[in-house]
Amino acid sequence: MNISSKYVEEAIRILREIEATQEDKIETVAQLFAASIADDGLVHVYGSGHSRMGVEEMFPRYGSFPGFHPIIELSTSNYGQVVGANGIYQSMFLENVEGLAAQIVRNFKYRPNDVFLLFSTSGAGNVVIDMAIEARKLGLKTVGITGVKNSGLVKAKHSTGRKLTDVCDLVIDTCVPVGDAAIWIDGLEYPVGPMSTIANSAIVNMIKVRVAELLTLQGKPPLVITGAQVIGDVAAKETFDAVMEEYDRRSRR
Amino acid sequence: MNDVYTQYLKATTKIINDIAETQMDKIEAASKRFADAIADGGLVHVYGSGHSRMAVEEVFPRYGSYPGFHPIVELSMTYHNQVVGANGQRQAMFIENVEGLAEQILRNFVFYPKDVFLLFSTSGVGNVVIEMAMGAKQRGMFVVAVVAVENSLKTPVKHSSGKKLIDIADLVIDTCVPLGDAAVRVPDLIYPVSPTSTIGNTLVVNLIKARVAELLTEAGQPPLVLTSPHFIGIDASRAIFEATYNDYRRRTLRNQ
């Protein structure tokens, strides 16, 4: 089998594992989110580093809808420069500074029916752990999406000795292998081909489709950002504007 | 004229006069250091947290500026336009005091001992800017700090070493701005308004830039200057932009 096919096979294996082992948890989380969103609550979404991609997958984009509040902190997730000012050294340092999460969390207003959704493949980043701790102090439910096998082998860094799996009410396992990279090449001593983005995206979209269904069943169908190819130019623009207005209304507190 | 206008204009005029009367020897010393470094293929690394980042942008790149200066602009501490929310001011003000971060910034770059550091801080007590100075000194570089000295002396120290920027820098230029930065008292308002440090910093930056350009030209190494088409026409302006940026790339491309 060629190496590209190996990656596809491994990705499919992980998707099947998520389906087989995480569906109950995903259903519980979708119910929780739908109940919150139906009641004008918000699902606050955060991830440091590459886990920020899970946040962007949630909202805003085509096929997504208001009710989710993406928290994108450039200090922990904007390292496109790689080396230099705003490089990945700074980002990897800051995502482990205790106390920063409290400064992020205090910018927003919360209601008791809000939920926090947190992404971390290692589950050991101090900022994301602190986000969960802060959310719980506010009395909010927390959901962590993490690579459980991977996290189990990662050393705890937080001063409390805890990992994300220890501080979240609900944990969904991305089922990614230890170290995230899944493909070994003969003659290369390092594995390549990380899996966490595919797993995070699959889980996010499993949640999103189910939340959309639950909201629709309750007679509260969400406004969905939809392409002009699907509903035509005029309707696409109108829907987009309506989604932005709805997002603004929900997040204006 | 309304009294608040007069107050602000008086305050800024006083700052400019104070700089002219008290800081020119230091500005001359800094200019010579910078010109020597740039003439020798060195770089002047420039950093400031928070609003002090505005002075970094004033140095280079912009019209009337030239390569040899290396602006270090860290968004985590200077991109606070959201004010409240993700990337808000609270996070920026927290991060600019996290010890250890400066070393993570510095390790990205290749430094030569002939390089110089130029650091801006009105309070002179931010932990990141202080550690930038410490890291620069450890690497053998000369450090120039542009600080509001009176303001800094009366601001409590935050760094675990007990030091302020003025304790570490080799050369300190005083922006001569008043204590607390804001300079205007409005009747019935208990808080002063209208900060002056941007004007103090900008004046110091441009005094240095003018003199360094003169020194480099005298040394037979006239800098390539980003120049408006008003002076040299559209085609020449475009050409000098290309040449300037290529020169910047050449100067900042370094091997270990």
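## The end of helix H9 in chain A

In this predicted model, Gly219(A) lies just after H9(A) and takes a positive phi of about 80°. The helix that comes before Gly219(A) is made of 22 residues, and from its first C-alpha to its last H9(A) reaches 31 Å, which is close to the 32 Å expected at 1.5 Å a residue.

## What surrounds helix H9 in chain A

A good part of the picture of H9(A) comes from its buried residues, among them Ile198(A), Ala199(A), Ile203(A), Val204(A), Ile207(A) and Val211(A). The list of buried residues in H9(A) also includes Ser196(A), Asn200(A) and Lys208(A). Which elements of chain A do the buried residues of H9(A) pack against? They pack against two helices, H1 and H2 (52-58), and against the strands E3 (115-120), E4 (141-146), E5 (170-173) and E7 (192-194), each of them in chain A.

The packing with H1 can be described further, since helix H1 (residues 3-38) of chain A and helix H9 (residues 196-217) of chain A meet at an angle of about 40°, with their axes 8 Å apart. That angle makes H1(A) oblique to H9(A), because angles of 35 to 65 degrees fall outside the ranges counted as roughly parallel or roughly perpendicular. The crossing in which H1(A) passes H9(A) is right-handed, and the residues of this contact divide into 20 nonpolar, 1 polar and 2 charged.

## A helix pair in chain B

In chain B, helix H1 (residues 3-22) and helix H10 (residues 197-218) have axes that come within 10 Å and cross at roughly 35°, and the crossing of H1(B) and H10(B) is right-handed. On the side of H1(B), the contact is made by Thr12(B), Ile15(B), Ile16(B) and Ile19(B), while H10(B) contributes Ile199(B), Gly200(B), Leu203(B) and Val204(B). Sorted by class, the contact of H1(B) with H10(B) has 6 nonpolar and 2 polar residues, and no charged ones.

## Where chain A touches chain B

How many residues of chain A are in contact with chain B? There are 22 residues of chain A in this contact, and they meet 22 residues of chain B. Within chain A, helix H3 (74-77), helix H4 (88-94) and helix H5 (100-105) each supply at least two residues of the side that touches chain B, and H4(A) gives the most to that side, with 4 residues. Considered by class, the side of chain A that touches chain B has 11 nonpolar, 9 polar and 2 charged residues.

Methods
Residues numbered from 1 in each chain as written. Chains lettered and ligands numbered in written order. Predicted model: local features only at pLDDT ≥ 70, side-chain atom pairs only at ≥ 80, totals over all residues. Axes fitted to C-alpha atoms, helices over the stretch in contact; angles between N-to-C directions. Parallel < 35°, antiparallel > 145°, perpendicular 65-115°, else oblique. Left-handed = near helix turned anticlockwise from the far one by under 90°. Nonpolar A, V, L, I, M, F, W, Y, C, P; charged D, E, K, R; others polar. Contact = placed C-beta atoms within 7 Å. Expected span 1.5 Å × (residues − 1). Buried ≥ 20, exposed ≤ 12 C-beta atoms within 10 Å, placed from the backbone.
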